[in-house]
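Visitor: I am new to this structure and should be grateful for a close look at a single part of it. Might the packing of its helices and its nonpolar interior be described with some care?

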Amino acid sequence: MNAVITCKEVTKTYGKKKALDHLSLSIPGNGIVGILGPNGCGKSTFFRSLVGLVKPDSGQMKILDRKPGWKTNKDIAYLPDRARWYPNHTVDEAFKWAKHFLDHFELETAIKLADYMDIGRDMKVQGMSRGQEARLMLILCIARNVPLVILDEPFTGIDIISREQIIDGLIDYLQERNQTILISTHEIHEIEGLFDYSIFMDKGTAIWSGETETLRAQYGSMHQVFKTFYKRRLERQ
């Protein structure tokens with residue numbers, strides 16, 4: 001299987017803290033990939049590097065056989081953590097904006113996803129719950145027919161009912177797509193069934209990567225894997 005993303009010895013430092021520490025990994029295409037680890041392990045910095053918002057201090061990074069930049073970003077749909085939309089827009093206006101400004105945005109797909117996730121197109125963002133706005137942001141991202149979709153902590157702060165709707169929507173939608181989806185999260189136990197491939201990060205580096213089923217066969221569940229890999233860190237918290 002061809003790699004969609006490759007990193008070799010990628011390092012990024014903020015002051016005395018290494019957000020990425022000689023990160024080396026290879027991510028296969030056409031599946032859902034979990035980028036897993038506790039807060040502060042480097043997941044968001046890794047994603048920001050992929051879309052050019054952060055420039056690594058050293059190392060090599062390739063996306064779709066190219067260096068990160070404005071050309072590769074046309075083929076990436078990126079949902080950052082804590083993403084918000086314009087409060088005065090309705091859902092319909094948000095979709096029209098996305099159709100005009102975002103490459104490969106499919107309006108019909110967005111409308112279908114909104115119906116599936118129970119988001120009315122006349123709803124105004126300003127009056128939405130946190131879960132409703134999160135679903136809208138997800139729709140705006142995954143309605144783009146691009147090779148790579150990056151979702152950074154899309155479930156943080158969302159109630160369990162909204163989270164289940166988002167996950168069910170993702171599963172149904174992605175069955176019909178030939179895309180690679182990266183999802184970073186520390187909410188393991190509720191979404192572990194999504195991942196075809198998993199990468200565990202800690203202190204800015206990849207401590208394990210491989211087929212998710214391989215880990216399940218050894219440990220029984222991804223939640224148990226998480227507790228095993230990060231036992232010492234969790235005990236210190």
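Guide: The account below begins with one pair of helices, passes to the nonpolar cores, and ends with a second pair and some neighbouring details. The model is a predicted one, and the description should be read in that light.

Let us start with helix α3, residues 91-101, and helix α5. Their axes come within 11 Å and cross at roughly 25 degrees. Angles under 35 degrees count as roughly parallel, and α3 is therefore roughly parallel to α5. The crossing of these two helices, α3 and α5, is right-handed. On the side of α3, the contact is made by V91, A94, F95 and A98, while α5 contributes L136, I139 and L140. The character of this contact is uniform in one respect: seven of its residues are nonpolar, with no polar and no charged residue in the contact of α3 with α5.

Two of the residues just named lead into the interior. The largest nonpolar core has 48 residues, and F95, L140, L151, L170 and I183 touch the most other members. Helix α5, residues 130-142, supplies the largest share of this core, namely eight residues. L151 may serve as an example of how such a residue is surrounded. When neighbours within four places in sequence are left aside, L151 is in contact with F47, L79, L138, C141, I142, L170, I181, L182, I183 and S184. Apart from this core there is a second, separate one of 24 residues, which includes V4, L23, L50 and I76.

F47, a contact of L151, and L50, a member of the second core, both bring us to helix α1. This helix, residues 43-50, is mostly covered, for seven of its eight residues are buried. The buried residues of α1 are K43, S44, T45, F46, F47, S49 and L50. Just after α1, G52 takes a positive phi of about 85 degrees.

Positive phi values also occur at two residues that are not glycine. N30, in the loop between β2 (17-28) and β3 (31-36), has a phi near 60 degrees. N30 is exposed, with a relative accessible area of 51%. H104, which belongs to the loop between α3 and α4 (107-116), has a positive phi of about 60 degrees. H104 is partly exposed, at a relative accessible area of 46%.

The second pair of helices is α8, residues 212-219, and α9, residues 222-229. Their axes come within 9 Å and cross at roughly 80 degrees. Angles from 65 to 115 degrees count as roughly perpendicular, and α8 and α9 are therefore roughly perpendicular to each other. T212, L215, R216 and Y219 of α8 meet M222, Q224, V225, T228 and F229 of α9 in this contact. The residues of the contact of α8 with α9 divide into five nonpolar, three polar and one charged.

Within this pair, L215 deserves a closer view. This residue lies in helix α8 and is buried, with a relative accessible area of 2%. Neighbours within four places in sequence aside, L215 is in contact with F200, W208, G220, M222, V225 and F229. Its partner V225 stands 10 residues away along the chain, and the C-alpha atoms of L215 and V225 are separated by 7.3 Å.

Methods
Residues are numbered from 1 along each chain as its sequence is written. This is a predicted model: local features need pLDDT of at least 70, side-chain atom pairs count only at pLDDT 80 or more; totals for chains, interfaces and linings use all residues. Side-chain values use heavy atoms; hydrogens and water are left out. Axes are lines fitted to C-alpha atoms, for helices over the stretch in contact, and angles run from 0 to 180 degrees between N-to-C directions. Helices (H or I, at least four residues) and strands (E, at least two) are DSSP runs, numbered from the N terminus. Angles under 35 degrees count as roughly parallel, over 145 as roughly antiparallel, 65 to 115 as roughly perpendicular and the rest as oblique. Contact means heavy atoms within 4.5 Å. Ala, Val, Leu, Ile, Met, Phe, Trp, Tyr, Cys and Pro count as nonpolar, Asp, Glu, Lys and Arg as charged, and the others, Gly among them, as polar. A nonpolar core is a set of buried Ala, Val, Leu, Ile, Met, Phe, Trp, Tyr and Cys residues joined through side-chain atoms within 4.5 Å. Buried means under 20% relative accessible area, exposed over 50%, partly exposed in between (1.4 Å probe, protein chains only). A crossing is left-handed if the near helix is turned anticlockwise from the far one by less than a right angle, and right-handed if clockwise.
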